[in-house]
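These exercises are to be worked with the sequence and the coordinates at hand. Each task is followed by a solution in steps.

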Amino acid sequence: MMSPTRNDNLLARILRTPDSITRFSMSEWDTLVRQARAAGLLARLSHRLRQHDLSRQIPEAIRWHFEAADTLAAKQRTAVIWEIRQLRAALSDIDSPLIVLKGAAYVAAGLPAADGRLFNDIDILIPRQALQRAESSLMLAGWHATGLSEYDKRYYRRWMHEIPPLQHIDRDTIVDVHHAILPDTARYHPDSSKLRSHAVPVEGLPGVYVLGAEDRILHSATHLFHDGELPHGLRDLTDLDLLLRDAAQSEGFWNRLIARADELQLSRPLFYALRYAHHILETPVPEAVLVSLDANAPNRMTLALMDRIFSRVLAPAHASCEDRYTPAARFAAFVRAHWLRMPAHLLIPHLFHKAFISPYLNSPPKAA
Amino acid sequence: MKLLQLPPEELNRQLAGAGVWMRTGPFSLKIQSRIPSVAQGLAELYGQFEVRSMREAFADFHVSVNPPSGLRGWLKPQATFSFDGSQPFKPLPRDQAFPMLEWGLNWCVSTQAHQFLIIHAAVVEKNGLAAILPAPPGSGKSTLTAGLAVSGWRLLSDELTLISRKTGLIHPLPRPVSLKNASIDVIRQFSPDSFINRASHDTIKGTVAHMRPPRESVRRQHETASPGWVLFPRWVPGAPTRLKPRSKAQTFMFLAQNAFNYSHLGADGFRVGTNLIDQVSCYDFEYSDLHEAIAAFDELASAAPNA
């Protein structure tokens, strides 16, 4: 069922069956490196090829791209741990555990999903009542809200489940402070205190916690299928793939995952996550799990449409993976995500602002 | 095949179509542009570089410089640099399309090529030893580099010193030398035979033009060099030519701060950097007269142990 674009998605093909690089032409290598760079997956691809003892199959002239990505990933991994310590120190007066989310959590917990992961920011979860104190403590330690328009700042504070991203004044690192994993206005809002009660302490980082194994997966799924802009959709899907493969080694995992999704009202995003991880990356999911989640599937027409949308938005953001429907699919994913996040009387003015006002206020930096 | 062997209409056709494949130092490029001044800049300055058929399959960097899409381009002609579909910079006036390509290529190397420690410095070579010239803008670095490059020193790069993490050797990237403001006329007078292209005015760096890299530098663009000296040039009007030894520790700190990717390399950046510092002599170099400055460099080179 998946997709006219799947054939052109060399990157997903290599992630599924790394061995096929041994038959690659130089022009396929060219496309693969470009797709992987655009998807933020060059270092992860490099790690995957190393795991399969295929690094020596990379043509000599191309190898540096992979080594450079490895260098960056290794540096970011060290930097993330260091940054988590700084955050912990800055937030020492907050008497609730510091929970790190997503990529930073995978690194802290030493999960396979940390391998070859590149970062844009560090995400943390703080109880809503501690938010104000946390923000002023972070400011004292050098993190400030920057680079957003006044409209975006107001939008974050009024409607979102996180405050505007904070950037460190010296190190430029960005921290996203969440008080929940979905906005208050969303169709579903999983109870954050339930997530916190299952948090697990991180060995070697006193006072730092990560979400429980099932919750990490549910959060990743929720993020992927509720976020309007997915520049790293495929990267996030590979996170899910690695999280699932790792967690599935523990006895009774799948039953716990399904029960937890039900408890947190997150069965629908879990359904999508397993569907697309399985289709695009061949993540092993027991048949019985897929069947039991079928009750959470949308109707057949909607699902057919969703397949067409997500086969495109979960492809690398590169010209070689695009067809004439890609822009429409991206737009549809954006609208859908916002539709799920806020009711129409908030959504329509917001989209109007994003479409017609923001483009004239924000643009990238000047060449130097 | 060299770029100058391509008939102009064929160059224009490839450039406006699928792009021209070209090799500069360790990197292969695919450059695409519909803007005539970009084609002209390439024809004038990159003639000695190797090009291959459009079907050449792999390129390290796929770049383009084109008019931006949308209405704005009609009102005020502009150019946008694109790295494989992403635009890291704001559009610039169309008149600056060629310098924008040069800046964009520097950006590609400095943000990706982490197999090197990349220092923001010019670098020239004589007798196998490289002189690294790190300096802030306005210090006369590019004038001195251009002067040396036409006076028997081999141009390795005017902006990016690429130090291999594996060997500690410096890899050349002898692209055109960027000249700013007064230095354009200084070099025109100093070396009337050298080709300098049409200047672009009112860029963020002032008036900018590019000098064609000497043929010999391009021919030897795959020949590495050992680090010999780090010299901090400073042009001071009327000053005598003066070479003053400088602390290695201070020099190391300066290089680390002026490297594009020192912090990316972690402990390896420190290893490569200290290894470099151990091999070089460090100087502050003041000059006002370009002939005298070059004579002082020649003297350094002939005094070196392996000269």
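**Exercise 1.** Is Asp294(A) buried or exposed?

Solution. The model is a predicted one. Begin with the place of Asp294(A) in the chain: the loop between helix H13 (287–293) and helix H14 (300–313) of chain A. Next, count the C-beta atoms around the residue; 9 others lie within 10 Å. A residue with 12 or fewer such neighbours is classed as exposed. Asp294(A) is therefore exposed. As a last step, relate the residue to another part of the chain: Arg268(A) is 26 residues away in sequence, and the C-alpha to C-alpha distance from Asp294(A) to Arg268(A) is 9.4 Å.

**Exercise 2.** Describe the backbone and the surroundings of Glu282(A) and Asn181(B).

Solution. Take Glu282(A) to start with. Its phi is near 55 degrees, a positive value in a residue other than glycine. Glu282(A) lies in the loop that links helix H12 (267–281) to H13 of chain A. With 13 C-beta neighbours inside 10 Å, Glu282(A) is partly exposed.

Now turn to Asn181(B). Here phi is near 45 degrees, again positive in a residue that is not glycine. Asn181(B) sits in the loop between strand E13 (177–180) and helix H6 (182–190) of chain B. The count of C-beta neighbours inside 10 Å is 15, so Asn181(B) is classed as partly exposed.

**Exercise 3.** Characterise the packing of helix H9 (residues 213–226) of chain A against helix H11 (residues 253–263) of chain A.

Solution. Two packed helices are described by the angle between their axes and the distance between the axes. For H9(A) and H11(A), the axes come within 9 Å and cross at roughly 60 degrees. That angle makes H9(A) oblique to H11(A). The handedness comes next: H9(A) passes H11(A) in a right-handed crossing. Then list the residues in contact. H9(A) contributes Glu214(A), Asp215(A), Ile217(A) and Leu218(A), while H11(A) contributes Arg256(A), Leu257(A), Arg260(A) and Ala261(A). Sorted by class, the contact of H9(A) with H11(A) has four nonpolar and four charged residues, and no polar ones.

**Exercise 4.** Apply the procedure to helix H3 (residues 42–51) of chain A and H4(A).

Solution. The axes of H3(A) and H4(A) are 8 Å apart, and the helices pack at an angle of about 105 degrees. H3(A) is therefore roughly perpendicular to H4(A). On the H3(A) side, the contact is made by Leu42(A), Ala43(A) and Ser46(A). On the H4(A) side, it is made by His65(A), Phe66(A), Ala69(A), Asp70(A), Leu72(A) and Ala73(A). By class, the contact of H3(A) with H4(A) has six nonpolar residues, two polar and one charged.

**Exercise 5.** How many residues does each chain give to the contact between chain A and chain B, and which helices of chain A take part?

Solution. Count the residues on each side: 24 come from chain A and 22 from chain B. In chain A, helix H2 (26–38) and helix H4 (63–90) each supply at least two residues of the side that touches chain B. H4(A) has the largest share of that side, with eight residues. Finally, sort the side of chain A that touches chain B by class: 13 residues are nonpolar, six polar and five charged.

**Exercise 6.** Which residues of helix H2 (residues 36–45) of chain B are buried, and against what do they pack?

Solution. The buried residues in H2(B) are Ser37(B), Val38(B), Ala39(B), Gly41(B), Leu42(B) and Leu45(B). Their packing partners in chain B are helix H1 (8–16), strand E2 (27–33), strand E4 (61–66), helix H4 (97–112) and strand E15 (206–211).

**Exercise 7.** Summarise each chain as a whole.

Solution. Start with the secondary structure: chain A has 16 helices and seven strands, and chain B has 10 helices and 18 strands. Of the 368 residues in chain A, 41% are buried; of the 307 residues in chain B, 48% are buried. Among contacts with a separation of 6 or more, residues 24 or more positions apart account for 69% in chain A and 72% in chain B.

For chain B, add the dimensions. The C-alpha trace of chain B spans about 55 × 45 × 35 Å along its principal axes. A compact globule of 307 residues would have a radius of gyration near 19 Å, and the 19 Å of chain B agrees with that.

Technical notes
Residues are numbered from 1 along each chain as its sequence is written. Chains are lettered from A and ligands numbered from 1 in the order in which they are written. This is a predicted model: local features need pLDDT of at least 70, side-chain atom pairs count only at pLDDT 80 or more; totals for chains, interfaces and linings use all residues. Axes are lines fitted to C-alpha atoms, for helices over the stretch in contact, and angles run from 0 to 180 degrees between N-to-C directions. Helices (H or I, at least four residues) and strands (E, at least two) are DSSP runs, numbered from the N terminus. Angles under 35 degrees count as roughly parallel, over 145 as roughly antiparallel, 65 to 115 as roughly perpendicular and the rest as oblique. A crossing is left-handed if the near helix is turned anticlockwise from the far one by less than a right angle, and right-handed if clockwise. Two residues are in contact if their C-beta atoms, placed from the backbone, lie within 7 Å. Ala, Val, Leu, Ile, Met, Phe, Trp, Tyr, Cys and Pro count as nonpolar, Asp, Glu, Lys and Arg as charged, and the others, Gly among them, as polar. A residue is buried if 20 or more other C-beta atoms lie within 10 Å of its own, exposed if 12 or fewer, and partly exposed in between; C-beta atoms are placed from the backbone. The radius of gyration is taken over C-alpha atoms; the globule rule is 2.2 Å times the number of residues to the power 0.38.
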